[in-house]
Amino acid sequence: MAKVQIMDHPLIQHKINFIRREDVGSKDFRTAVSEIASLMCYEATRDLELQDVQIKTPICEMTGKELAGKKLAVIPILRAGLGMVDGMLSMIPAAKVGHIGLYRDPETLEPVEYYCKLPVDCEEREVFVVDPMLATGGSLVAAVTLLKQKGVKRMRAMCILAAPEGVKAFEKAHPDVDLYIGALDDHLNDHGYIVPGLGDAGDRIFGTK
């Protein structure tokens, strides 16, 4: 059974509270989202396997530790997920990056796929699927379903904010995928927005309406 981990690190909570404020502009919002992604990546990679490696320091030879050959990939859900990519890569710079384009139909609130470009060896990689918001859960569920269809076997999902409805939907659809959440909010409103939330993450990252 996969785990759902809500990040309780003080820096993550502080920065999430900052981006909730409606008077924070796009530049500061983008910077903070990237920083939150870095901090969440640090926590979400805590159990990656290590292996022994022989190295030579300026003083002597020694046995050190490095990642055990696992290749990593970051897959943002377009477009808001792009705001988390640089923060992730600051922690795991060798990771490949793919993209999944989904938009939410305003009538049905269901995700519609319009783009998918993945690393050619994605099925061999440990994949981090990132999206700032987990509202109804539809987009994240659809993205992980698509990746499974493409042969990806090892995945983790990361969202900055989540609603209980989205977490429940994701757990039901993908009980084998770990989910990392920056903060769990109260509920969804009638328009499918997270409450108290932070508004539309994509619009706030890119300065659009």
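Where is the place of glutamate 43 in this structure? Its place is in helix α2. Hello everyone, and before we go further, please keep in mind that this is a predicted model.

Let's stay with glutamate 43 for a moment. Is it buried or exposed? Glutamate 43 has a relative accessible area of 15%, and because buried means under 20%, it counts as buried. Setting aside neighbours up to four places away in sequence, glutamate 43 is in contact with Gln5, Met7, His9 and Ile12.

Helix α2 also brings us to the core. The largest nonpolar core has 36 residues. Those with the most contacts inside it are Ile19, Met40, Met88, Ile92, Met158, Ile160 and Leu161. Several elements give two or more residues to this core, including α1 (10-20), α2 (26-44), β4 (72-78) and α3 (82-91). Which element gives the most to this core? That is α2, with eight residues. Here is a general idea for your notes: in soluble globular proteins, nonpolar side chains tend to be buried together.

Now pick out leucine 161 on your screen. Leaving out residues within four places in sequence, leucine 161 touches Ile16, Arg20, Pro132, Met133, Leu134, Ala183, Asp185, Ile194, Gly197 and Leu198. Apart from the core we just discussed lies another one, of 25 residues, and among them are Leu102, Leu140, Ala157 and Cys159.

Leucine 198 was on that contact list, and its place is in the loop between β13 and α6. Leucine 198 is buried, because its relative accessible area is 7%. Beyond its neighbours up to four places away in sequence, leucine 198 touches Ile19, Arg20, Phe29, Met133, Leu161 and Arg204. Here is a pair to find for yourselves: leucine 198 and isoleucine 36 are 162 residues apart in sequence, and 14 Å apart in space, C-alpha to C-alpha.

Next, the annotated sites. An unreviewed UniProt entry lists a "binding site" that includes Arg79, Arg104, Asp131, Ser139 and Asp200. From this set, the lining of the largest pocket takes in residues including Arg79, Arg104, Asp131, Ser139 and Asp200. The unreviewed UniProt entry also has a "binding site" annotation that covers Ile194, Gly199, Asp200 and Ala201. Of these, the lining of the largest pocket includes Ile194, Gly199, Asp200 and Ala201.

Let's visit three of these residues, beginning with aspartate 200. Aspartate 200 sits in the loop between β13 (194-195) and α6 (201-206). With a relative accessible area of 29%, aspartate 200 is partly exposed. Which residues does aspartate 200 touch, not counting those up to four places away in sequence? The answer is Arg79 and Tyr193. The side chain of aspartate 200 also reaches two backbone nitrogens: that of aspartate 203 at 2.8 Å, and that of glycine 202 at 3.0 Å.

Our second stop is isoleucine 194, in strand β13. Isoleucine 194 counts as buried, because its relative accessibility is 7%. Its contacts, leaving aside neighbours within four places in sequence, include Met133, Leu134, Ala135, Leu161 and Asp185.

The third is serine 139, which lies in helix α4 (residues 138-149). Not counting neighbours within four places in sequence, serine 139 is in contact with Ile77, Leu102, Pro111 and Asp131.

Let me finish with helix α4 itself. The helix has 12 residues and reaches 16 Å from its first C-alpha to its last, close to the 16 Å expected at 1.5 Å a residue. Which residues of α4 are buried? They are Gly138, Ser139, Leu140, Val141, Ala143, Val144, Leu146 and Leu147. When you look along a helix like this, it helps to know a general rule: an α-helix has 3.6 residues a turn, so residues three or four places apart point the same way. After α4 comes glycine 151, whose phi is positive, near 100°.

That's my tour, and thank you for listening!

Conventions. Residues are numbered from 1 along each chain as its sequence is written. This is a predicted model: local features need pLDDT of at least 70, side-chain atom pairs count only at pLDDT 80 or more; totals for chains, interfaces and linings use all residues. Side-chain values use heavy atoms; hydrogens and water are left out. UniProt positions are given in the numbering used here, feature names are shortened, and annotations may be inferred rather than shown by experiment. On a 1 Å grid over the protein atoms alone, a cavity is a set of points where a 1.4 Å probe fits but cannot get out, and a pocket is an open set with protein on both sides within 12 Å along at least five of seven lines; lining residues have an atom within 4 Å of a point. Helices (H or I, at least four residues) and strands (E, at least two) are DSSP runs, numbered from the N terminus. Contact means heavy atoms within 4.5 Å. Buried means under 20% relative accessible area, exposed over 50%, partly exposed in between (1.4 Å probe, protein chains only). A polar contact is a pair of N or O atoms within 3.5 Å; within protein, one must be able to donate a hydrogen and the other to accept it, and residues adjacent in sequence count only if both atoms are side-chain atoms. The expected span of a helix is 1.5 Å times one less than its number of residues. A nonpolar core is a set of buried Ala, Val, Leu, Ile, Met, Phe, Trp, Tyr and Cys residues joined through side-chain atoms within 4.5 Å.
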